[in-house]
Amino acid sequence: VLFTDIVNSTEVLSEQGDARWRHNLDVHDEVIARHLSKYGGSKIKDTGDGVFAVFDGPTKAAHCALELVPALATRNINIRAGVHTGECERRGDDWSGVGVHIGARVAALAGSGEVLASRTVRDLSAGSDLTFEDRGTHRLKGVPEEWQLFRVR
């Protein structure tokens, strides 16, 4: 799963006004759609100021996120992203399960321009061209145990 979030979206909306914000969201959505298509991702839902998407592998999700950050930054849209892989259940057009919640929590801990991933993603991406920088263990709201997170590069 991949979650993205526009950094400081409420402040940006307040500064820009509704019309400019709508334009930026349209640009955001276009860039997201193009990158999801490139990496075989499927957008499950808009989160208001980001997206929730699923992929058939964690490396594809991580590469997509890594390309989204600069692609949107050049358009003055700063995002954070989180990637996790785990058990999820399809519910009609939506997805649920603890794996989805962990992905959302990982994204929430990322800084501006950062892609964070769980240890699960790191382990399953062995042999790829991705590198992972240890960001320590974290408690994820509502999730048992501590989770080791990594910055993806």
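Okay, let's start with one residue, H35, which has its place in helix α2. Before I go on, keep in mind that this is a predicted model. So, is H35 buried or exposed? Its relative accessibility is 10%, so H35 counts as buried, given that the cut-off for buried is under 20%. And what does H35 touch, once we skip residues up to four places away in sequence? The answer is C64, E67, L68 and A71.

Two of those names come back later, so hold on to C64 and L68.

Staying with α2 for a moment, let's look at its packing against helix α1, which covers residues 9–16. The two helices pack at an angle of about 130°, and their axes are 6 Å apart. That angle makes α1 oblique to α2. As for handedness, α1 passes α2 in a right-handed crossing. Who makes the contact? On the α1 side we have S9, V12, L13 and Q16, and on the α2 side D18, R20, W21 and N24.

Now the core. The largest nonpolar core has 28 residues, and L2, F55, L68 and V83 are the ones with the most contacts inside it. So there's L68 again, one of the residues that H35 touches. Which elements give two or more residues to this core? They are the strands β1 (2–6), β3 (51–54), β4 (79–83) and β7 (115–118), plus the helices α2 (18–39) and α3 (58–73). The largest share comes from α3, with eight residues. There is also another core lying apart from this one; it has eight residues, including I102, L116, V143 and W147. As a bit of background, nonpolar side chains tend to be buried together in soluble globular proteins.

Let me zoom in on V83. Leaving aside neighbours within four places in sequence, V83 is in contact with V1, L2, P58, A61, A62, A65, V106, V115, L116, A117, S118 and V121. If you're looking at the picture, L2 in that list is also among the residues with the most contacts inside the largest core.

Last topic: cysteines. How many disulfides are there? The count comes to zero. C64, our neighbour of H35, is in no disulfide, and the nearest cysteine sulfur, that of C88, is 16 Å away. For a disulfide, the two sulfur atoms would have to be within 2.5 Å. C88 is in no disulfide either. Their surroundings look like this: C64 has 0% relative accessibility and therefore counts as buried, while C88, at 23%, counts as partly exposed.

Note on methods. Residues are numbered from 1 along each chain as its sequence is written. This is a predicted model: local features need pLDDT of at least 70, side-chain atom pairs count only at pLDDT 80 or more; totals for chains, interfaces and linings use all residues. Side-chain values use heavy atoms; hydrogens and water are left out. A nonpolar core is a set of buried Ala, Val, Leu, Ile, Met, Phe, Trp, Tyr and Cys residues joined through side-chain atoms within 4.5 Å. Buried means under 20% relative accessible area, exposed over 50%, partly exposed in between (1.4 Å probe, protein chains only). Helices (H or I, at least four residues) and strands (E, at least two) are DSSP runs, numbered from the N terminus. Contact means heavy atoms within 4.5 Å. Axes are lines fitted to C-alpha atoms, for helices over the stretch in contact, and angles run from 0 to 180 degrees between N-to-C directions. Angles under 35 degrees count as roughly parallel, over 145 as roughly antiparallel, 65 to 115 as roughly perpendicular and the rest as oblique. A crossing is left-handed if the near helix is turned anticlockwise from the far one by less than a right angle, and right-handed if clockwise.
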